[in-house]
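Here is a short note on helix packing and the nonpolar core, to be read with the structure open.

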Amino acid sequence: MIRWFVKYGFVIFLFNTIFYSISLTKDTIAPIVFYITMATGLFFLLLNPKHLKEVLFHKAFLFLMILNLINLTYYLFFDSISNIDSLEYLMARFMSFSLISLSIYYNFSFFKNRFTSMIVKIISLVVFLSLIIDPNLLNGRYHGIIWNPNMLASLTVLSFSCILLKTKEKSPFEKLLLILLLIVSLSTGSRSAIIAIGLSFIFKYGFSLRNVLYSLTGVMLIFMISNTNLETSLNRITSQGIMKGRVEQFNFAIYNIKEKIFTGHGLSEYSGLPSDIDIPKRLEGIFIAAHNGYLSILIQYGIIFGGLVILIIFTKSFELFSFYIRRNDENLVYVFFIVYTLFAANFESLITGINEFHTILFWFSISYLSYSKFLEDHAD
């Protein structure tokens, strides 16, 4: 049982984030599975401490351990030790990184050959259930069984890219599924998803000037044809009649950063609205998220620790991008996941959270490619 969990614990953890995205399960099934998964992983590490050195301190995963040490240092010296939420974030981040490392180390062939197919199957199931329960794709911004249209779009474009960037020949069913995922992605009205689709075509057919221009033209046409009436969080009116667009959210995030520019607001405060901010803009019933992963990191840690975290992320990402981008193999889809996440983090609070599918897939992708590169570098 323990051996099976070591191999597939991360898979359980990842797909449980979809339960967190569904209104009916986010407060029932999802927390139970999350805490059982975290507790089982912690029990395994305590039972087998040798894995701390063999796996968690492995050269390929060393950047994750450095991030864990940054979290621990920040928590001990700059956060409130009595803050239970920050402690939970610290432990959850450590365990999520541990599950990722253990699963990749002990089950590398599964993630190399079968994992993307599983992603497609699970997300396709979500799409089919959504269409059965709510078939009205053209009735406003579509979200199906997922509570947020942008979140559904994130799932569908990730699945779309898994099929599109597949190196083997696509079956007729996969081609039909590709079209369905494209339609659902567009029906969500997510601008980020539209750009991701264009980016995936560039990854598939090359980075030539012609292909880039074709993709940009296609994205512009989709923007014009889809005509989603701009009824997104880019231009939303709250119940108080106050515009809470992304520009204001950006400015509010900057305000929060300046409040504690060096020390940050704490590990638990990555939403963009720290609980210790007492200003008139904290209006009853209104939640203003940063909607920017990088600003959220700076809100958490401050500019010193936060800048270090961002530097590690970009340095590692660039290293892997440079190594794999000219190849057309099964690793290309993971490179896409990394690049798309780094781009999308400008518009959504990605990278920072614990139970968000896209975020967890990003951390897995960067860890998987790091280990894959290590194996290639030491093949002889």
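Which residues does Ile 351 touch, not counting residues up to four places away in sequence?

1. The model is a predicted one. In it, Ile 351 touches Tyr 294, Ile 297 and Ile 313, and also Arg 93. The other residues it touches are Thr 341, Leu 342, Ala 345, Thr 359, Phe 362 and Trp 363.

2. Ile 351 is also among the residues with the most contacts inside the largest nonpolar core, which has 111 residues. Phe 10, Phe 115, Phe 357, Leu 361, Trp 363 and Phe 364 are the others listed there. Helix H13 supplies the largest share of this core, 13 residues.

3. H13 (residues 293-324) packs against H14 (residues 332-344) at an angle of about 145 degrees, the axes being 11 Å apart. Their crossing is left-handed. On the H13 side the contact is made by Tyr 294, Ile 313, Phe 314, Ser 317, Leu 320, Phe 321 and Tyr 324, and on the H14 side by Val 335, Ile 338, Val 339 and Leu 342. Ten of these residues are nonpolar, one is polar and none is charged.

4. H13 and H15 (residues 357-377) cross at roughly 55 degrees, with axes that come within 10 Å; H13 is therefore oblique to H15. This crossing is left-handed. H13 contributes residues including Lys 316, Glu 319 and Phe 323, while those from H15 include Phe 362, Trp 363, Lys 373, Glu 376 and Asp 377. The contact divides into eight nonpolar, three polar and five charged residues.

Definitions and conventions: Residues are numbered from 1 along each chain as its sequence is written. This is a predicted model: local features need pLDDT of at least 70, side-chain atom pairs count only at pLDDT 80 or more; totals for chains, interfaces and linings use all residues. Side-chain values use heavy atoms; hydrogens and water are left out. Axes are lines fitted to C-alpha atoms, for helices over the stretch in contact, and angles run from 0 to 180 degrees between N-to-C directions. Helices (H or I, at least four residues) and strands (E, at least two) are DSSP runs, numbered from the N terminus. A crossing is left-handed if the near helix is turned anticlockwise from the far one by less than a right angle, and right-handed if clockwise. Contact means heavy atoms within 4.5 Å. Ala, Val, Leu, Ile, Met, Phe, Trp, Tyr, Cys and Pro count as nonpolar, Asp, Glu, Lys and Arg as charged, and the others, Gly among them, as polar. Angles under 35 degrees count as roughly parallel, over 145 as roughly antiparallel, 65 to 115 as roughly perpendicular and the rest as oblique. A nonpolar core is a set of buried Ala, Val, Leu, Ile, Met, Phe, Trp, Tyr and Cys residues joined through side-chain atoms within 4.5 Å. Buried means under 20% relative accessible area, exposed over 50%, partly exposed in between (1.4 Å probe, protein chains only).
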